[in-house]
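Thanks for making the time this morning. I would like to walk you through one model, and I will ask you to keep the sequence and the structure open while I talk.

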Amino acid sequence: MSILKYTLCFIQRKSELLMLNRFKAPTMGIWNGVGGKIEINETIEESVQREILEETGLFIELDQITHKGLVTWQEKDHVFGGMYIFKADVAEDLYYNTPIKTDEGILDWKRIDWVTDKQNEGVGECIPYFLPILLNDDKKYHHAFYYEGSRVVDVVVKEQISMMK
């Protein structure tokens with residue numbers, strides 16, 4: 001059983017990420033990775049693989065999906081949400097023509113430098129902080145985002161020691 005309720009995966013092809021601009025809240029109108037709620041009796045690995053398939057139509061083998069840690073949101077010492085984060089590597093020659101409109105939103109390949117630009121208000125506010133680490137470091141990290149109201153006031157990143165893949 002997992003502690004957090006959600007998974008999020010960034011699918012990388014060369015210098016691009018397959019991103020989803022969701023039609024529904026809470027991330028409506030912004031570009032994000034693919035993922036969703038972990039179902040009862042489902043491991044986080046099974047959840048992320050299922051979510052990738054449901055949201056993109058791509059079946060990605062578990063050995064291509066790497067658990068990279070977690071992201072939590074908290075106020076002072078109260079955690080009010082979070083997700084397990086993953087990276088999936090696909091073949092450089094994978095043909096996946098975008099943009100594609102799905103029931104979830106619009107899928108499109110976005111350049112990594114565009115997604116990680118801290119001036120980019122078109123992606124989830126936490127992404128430019130944790131994504132460069134996720135993409136470039138082999139270790140797993142816990143990225144704790146501290147809020148006051150709706151504003152991020154601090155980010156604490158700690159290496160996560162885990163028995164998971």
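I will begin with the strands, then turn to the cores, and finish with the pocket and a single residue.

Please bear in mind throughout that this is a predicted model.

Let me start with strand β5, residues 65-75, which is mostly covered, since eight of its eleven residues are buried. On one side of the pairing pattern we have strand β6, residues 78-89, which runs antiparallel to β5 and is joined to it over ten bridges, and if you would like a place to look, I65 stands opposite A88 in β6. The two strands form a hairpin with two residues between them, and K76, which sits in that turn, has a positive phi of about 50°.

The same β5 also pairs with strand β9, residues 141-148, but here the sense is parallel and the count is six bridges. Two pairs can be picked out in this ladder: G69 has Y141 as its bridge partner in β9, and Q74 stands opposite Y146. From β9 the pairing continues to strand β10, residues 151-159, which runs antiparallel to β9 and is joined to it by eight bridges, with E148 standing opposite R151. This is again a hairpin with two residues between the strands, and in it G149 takes a positive phi near 65°.

Now to the packing. In soluble globular proteins, nonpolar side chains tend to be buried together. In this model, the largest nonpolar core has 21 residues, and those with the most contacts inside it are C9, I11, I52 and I60. Elements that each supply at least two residues of this core are β1 (6-13), β2 (16-22), α1 (44-56), β5, β6 and β8 (105-111). If we take I52 and leave aside its neighbours within four places in sequence, its contacts are C9, I11, V34, G57, L58, I60 and I65. There is also a second, separate core of 19 residues, and among its members are M19, F130, L131 and Y147.

What is the volume of the largest pocket? The computed figure is about 760 Å³. Its lining comprises 29 residues, of which P26, T27, N32, W73 and M83 are the closest to the centre. Two or more lining residues come from each of β1, β4 (34-37), β6 and α3 (127-136), and β6 gives the most, with four. By character, the lining divides into 13 nonpolar, ten polar and six charged residues, which may be useful to keep in view when you look at the pocket on screen.

Finally, a residue I would like us to look at together is T7, which lies in strand β1. Is T7 buried or exposed? T7 counts as buried because its relative accessibility is 2%, and the cut-off for that label is under 20%. Leaving aside neighbours within four places in sequence, T7 is in contact with a list of residues that includes V34, G35, G36, I44, E51, M83 and F86. As for V34, it is 27 residues from T7 along the chain, while the C-alpha atoms of the two are separated by 8.2 Å.

That is where I will stop, and I am happy to go back to any of these places.

Note on methods. Residues numbered from 1 in each chain as written. Predicted model: local features only at pLDDT ≥ 70, side-chain atom pairs only at ≥ 80, totals over all residues. Heavy atoms only, no water. Buried < 20%, exposed > 50% of the residue type's maximum accessible area, 1.4 Å probe, protein only. Pairing = 2+ DSSP bridges. Core = buried A, V, L, I, M, F, W, Y, C linked by side-chain atoms within 4.5 Å. Contact = heavy atoms within 4.5 Å. 1 Å grid on protein atoms, 1.4 Å probe; cavity = no way out; pocket = protein on both sides within 12 Å on 5 of 7 lines; lining within 4 Å. Points joined across faces, edges and corners; volume = space filled by probe spheres on them. Nonpolar A, V, L, I, M, F, W, Y, C, P; charged D, E, K, R; others polar.
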